[in-house]
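Me: Please take a close look at one part of this structure, the packing of its nonpolar interior, and set it in the context of the whole chain. I would like a connected account rather than a list.

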Amino acid sequence: MLTGTEAQIVILSLKVAATAIAVALPLAFAVAWLLARRRFPGHGLLQALVTLPLVLPPVVTGYALLVWFGAGGAAGTFLRETFGLDLAFRWTGAALAAAVMAFPLLVRPIRLSLESIDSGLEEAAETLGAGRLRILATVTLPLALPGILAGGILGFAKALGEFGATITFVSNIPGQTQTLSLAIYSLLQSPSGDTPALRLIAVSVVLAIGAIVLSEWVAARLPGARNGRDG
């Protein structure tokens, strides 16, 4: 049974991960569409930049976020003066770090899903007079849904377990930025922290398995999956 503090850590972690994916998913779809459907100078560079958080040490990514979005950073100053949004050492900053680290896992499956769509379907819709937004809403998005779902689930799992970039950018502040992985790390440094750490580890495992099961359950009920079974 979780204590009140442990329950707060779980709730904060879910809030951070859900916010990260909600913010990053639309941008990830736009970038994936650009990479899948357009060829332009810098295409390879954009692909490399999208993949960069996967190969860079997370501490480097967290430090870069601190430089750009910290109290003295250009982006941080702009957000604070324009929108009153302060990210450094707050849960919103943890959500930003989680979104950046999860971004490559969002883009790749969405891009693969978009590349697998028969462009003739979109051209047929255009021939029938459908506009770009209508084609996007009625043809592209439904057909890309498996990739969007897979990316969302993978990204959520990654955001839930994010550690290095988060602790570098927003530190490990109980009640503010201490997510599951940071709390487990802190507890394992304490001589009496094994038992509560094991409880939080169990919660992490349950959440990860739950996310995978949910992904499979929803994917099995998508139109494409049903048609494949029927065929």
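**The nonpolar interior and its surroundings**

Reply: From the N terminus on, the elements of this protein run α-α-α-α-α-α-α-α-α-α-α, so that the secondary structure, in what is a predicted model, comes to 11 helices and zero strands. Taken along the principal axes, the box filled by the C-alpha atoms is roughly 65 × 45 × 30 Å. Of the 231 residues in the protein, 37% are buried, and among the contacts between residues at least 6 apart in sequence, 69% join residues that are at least 24 apart.

Turning to the interior itself, the largest nonpolar core has 36 residues, and those with the most contacts inside this core are Phe103, Val107, Ile110 and Leu114. At least two residues of the core are supplied by each of helix H1 (4–37), helix H5 (91–115), helix H7 (132–161) and helix H8 (164–170). A second, separate core has seven residues, with Val10, Ala183, Leu200 and Val203 among them. Back in the largest core, Phe103 can be followed outward through its contacts: once its neighbours within four places in sequence are left aside, phenylalanine 103 touches Ala24, Leu27, Ala28, Val31 and Val50.

Valine 100 has its place in helix H5. This residue is partly exposed, because its relative accessible area is 23% and buried would require a value under 20%. Leaving aside the neighbours within four places in sequence, valine 100 is in contact with Pro53, Thr61 and Leu65. Valine 100 and alanine 159 are 59 residues apart in sequence, while their C-alpha atoms are 8.9 Å apart in space.

Alanine 159 also belongs to the contact of H1 with H7, which deserves a description of its own. Two packed helices are described by the angle between their axes and by the distance between those axes. For H1 and H7 the angle is about 145 degrees and the axes are 10 Å apart, and the crossing in which H1 passes H7 is right-handed. On the H1 side the contact is made by Ser13, Leu14, Ala17, Ala18, Ala20, Ile21, Leu25 and Phe29, which meet Leu136, Thr140, Leu141, Ala144, Ile148, Gly152, Gly155, Phe156, Ala159 and Leu160 in H7. Sorted by character, the residues of this contact comprise 14 nonpolar, four polar and no charged.

The aromatic rings complete the picture, and the count of aromatic pairs comes to two. One is formed by phenylalanine 78 and phenylalanine 83, an edge-to-face pair with 6.0 Å from centre to centre and 80 degrees between the planes. Phenylalanine 78 counts as partly exposed, because its relative accessibility is 49%, whereas phenylalanine 83, with a relative accessible area of 59%, is exposed, since the cut-off for exposed is over 50%. The other pair joins phenylalanine 163 and tyrosine 185, whose ring centres are 5.3 Å apart and whose planes stand at 65 degrees, so this pair too is edge-to-face. Phenylalanine 163 lies in the loop between H7 and H8 and tyrosine 185 in helix H9 (residues 180–188), so that the pair links distant parts of the chain, 22 residues apart. Phenylalanine 163 is partly exposed at a relative accessible area of 28%, and tyrosine 185 is likewise partly exposed, at 39%.

Key: Residues are numbered from 1 along each chain as its sequence is written. This is a predicted model: local features need pLDDT of at least 70, side-chain atom pairs count only at pLDDT 80 or more; totals for chains, interfaces and linings use all residues. Side-chain values use heavy atoms; hydrogens and water are left out. A nonpolar core is a set of buried Ala, Val, Leu, Ile, Met, Phe, Trp, Tyr and Cys residues joined through side-chain atoms within 4.5 Å. Buried means under 20% relative accessible area, exposed over 50%, partly exposed in between (1.4 Å probe, protein chains only). Helices (H or I, at least four residues) and strands (E, at least two) are DSSP runs, numbered from the N terminus. Contact means heavy atoms within 4.5 Å. Axes are lines fitted to C-alpha atoms, for helices over the stretch in contact, and angles run from 0 to 180 degrees between N-to-C directions. A crossing is left-handed if the near helix is turned anticlockwise from the far one by less than a right angle, and right-handed if clockwise. Ala, Val, Leu, Ile, Met, Phe, Trp, Tyr, Cys and Pro count as nonpolar, Asp, Glu, Lys and Arg as charged, and the others, Gly among them, as polar. Rings of Phe, Tyr and Trp (its six-membered ring) pair if their centres lie within 6.5 Å; planes under 30 degrees apart count as stacked, over 60 as edge-to-face and the rest as tilted.
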